[in-house]
Amino acid sequence: FAPATSTTLPPADDCARVAARAEVSHPGATQVVVVRTVAATDTTAALQVAERTAAGWVCGPSLAAMVGRAGVRPLVERRSGDGTTPAGVFALGTMTAWDGQVFSFFGNKPDPGVSAGSYRAVREGDCFGATPNHPDYGHLVQRSRAQCPGPDDEYLPSFPTAYEHAALIGANMEPNVSGDAPGEPPYAAAIFLHRFSYDAAGRPKPTAGCVSLAHDDLVAVLTALRADVLFAIGDNNWL
């Protein structure tokens, strides 16, 4: 994908349409985080939290978000390192850390008050493996900083700002991770909802494959999530 140049965001009223479609494939859904770009190559996105009500789907305010530096791409078509954010409908991820803690949220700062799942305080040794076809791929393992060396592996204590708080997006997530054994396609690893990173001019930067928000928006979304939340991600024509 070529770098995106568009900063146009999709119409806010399309959010309810996307949430209703997600409900068709996931009957009983009551909350959907809708992340939409205009074109598949765009790096800017609109994020809205949709709630199922007696009157139908109602969407919250449109928040400015960033996605992958190469845009969005359906999960089964993407590969780790291609710079796209996985497109599709995903549950909130759940992971078992190297010390046995089961969590859906993590951060280098204290829990902001999430209620949809357990929050893991990042600690020394937390390495998120993202080297394709390696046993660590897609898992939170214990490694020293020097032992978490792959170009896409992430030593979580090294990201105090971007990973001040984060949620796991369940794209190629435990218990069935494709890419942690030889020959398996490495669709995605370390796909999170986290805080913006900024360039030297103070502008939000595209991600390596995650979805990011400004600090206040991130905290508001994370604390509003419920355990059965879905993430619907993609360009406006594909969703």
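Visitor: What makes the lining of the largest cavity mostly one class or another, and how do its residues divide?

Guide: In this predicted model, the lining of the largest cavity has 8 nonpolar residues, 2 polar residues and no charged residues. The lining residues are Phe128, Gly138, Ile169, Ala171, Asn172, Met173, Ala188, Ala189, Ala190 and Ile191. Gly138 falls in the polar class because Gly is counted there by definition, and Asn172 is polar because Asn is among neither the nonpolar nor the charged types.

Visitor: Why is this space called a cavity, and how many are found?

Guide: The word applies because a 1.4 Å probe fits at its points but cannot get out. A search of the whole structure finds 1 cavity of 30 Å³ or more, and about 30 Å³ of space lies in the largest cavity.

Visitor: Why is another space called a pocket instead, and what is the volume of the largest pocket?

Guide: A pocket is an open set of points, whereas the probe cannot get out of a cavity, so the two words are kept apart. The largest pocket has a volume of about 470 Å³. Of the 25 residues lining this pocket, Glu154, Tyr163, Thr207, Ala208 and Gly209 are the closest to its centre. Divided by class, the lining of the largest pocket has 11 nonpolar, 8 polar and 6 charged residues.

Visitor: What makes Arg21 count as part of the second largest pocket's lining?

Guide: Arg21 is listed among the lining residues, which means that it has an atom within 4 Å of a point of the pocket. This lining also includes Val18, Ala22, Ser25, Trp238 and Leu239, and its residues divide into 6 nonpolar, 2 polar and 1 charged. Since Arg is a charged type, Arg21 is therefore the charged residue here. The second largest pocket has a volume of about 160 Å³, and α1 gives the most to its lining, with 4 residues.

Visitor: Why is the group that includes Leu47 called a nonpolar core?

Guide: The name fits because its members are buried residues of nonpolar types, joined through side-chain atoms within 4.5 Å. The largest nonpolar core has 31 residues, of which Leu47, Phe105, Leu193, Val211, Leu225 and Phe231 touch the most other members. Leaving out residues up to four places away in sequence, Leu47 touches several residues, including Val33, Val35, Leu63, Leu193, Val211 and Val221.

Visitor: Which residues does the second core include?

Guide: The second core is separate and has 20 residues, among them Ala130, Ala162, Ala166 and Val177. In soluble globular proteins, nonpolar side chains tend to be buried together.

Conventions
Residues numbered from 1 in each chain as written. Predicted model: local features only at pLDDT ≥ 70, side-chain atom pairs only at ≥ 80, totals over all residues. Heavy atoms only, no water. 1 Å grid on protein atoms, 1.4 Å probe; cavity = no way out; pocket = protein on both sides within 12 Å on 5 of 7 lines; lining within 4 Å. Points joined across faces, edges and corners; volume = space filled by probe spheres on them. Helix = DSSP H or I, 4+ residues; strand = E, 2+ residues; numbered from the N terminus. Buried < 20%, exposed > 50% of the residue type's maximum accessible area, 1.4 Å probe, protein only. Contact = heavy atoms within 4.5 Å.
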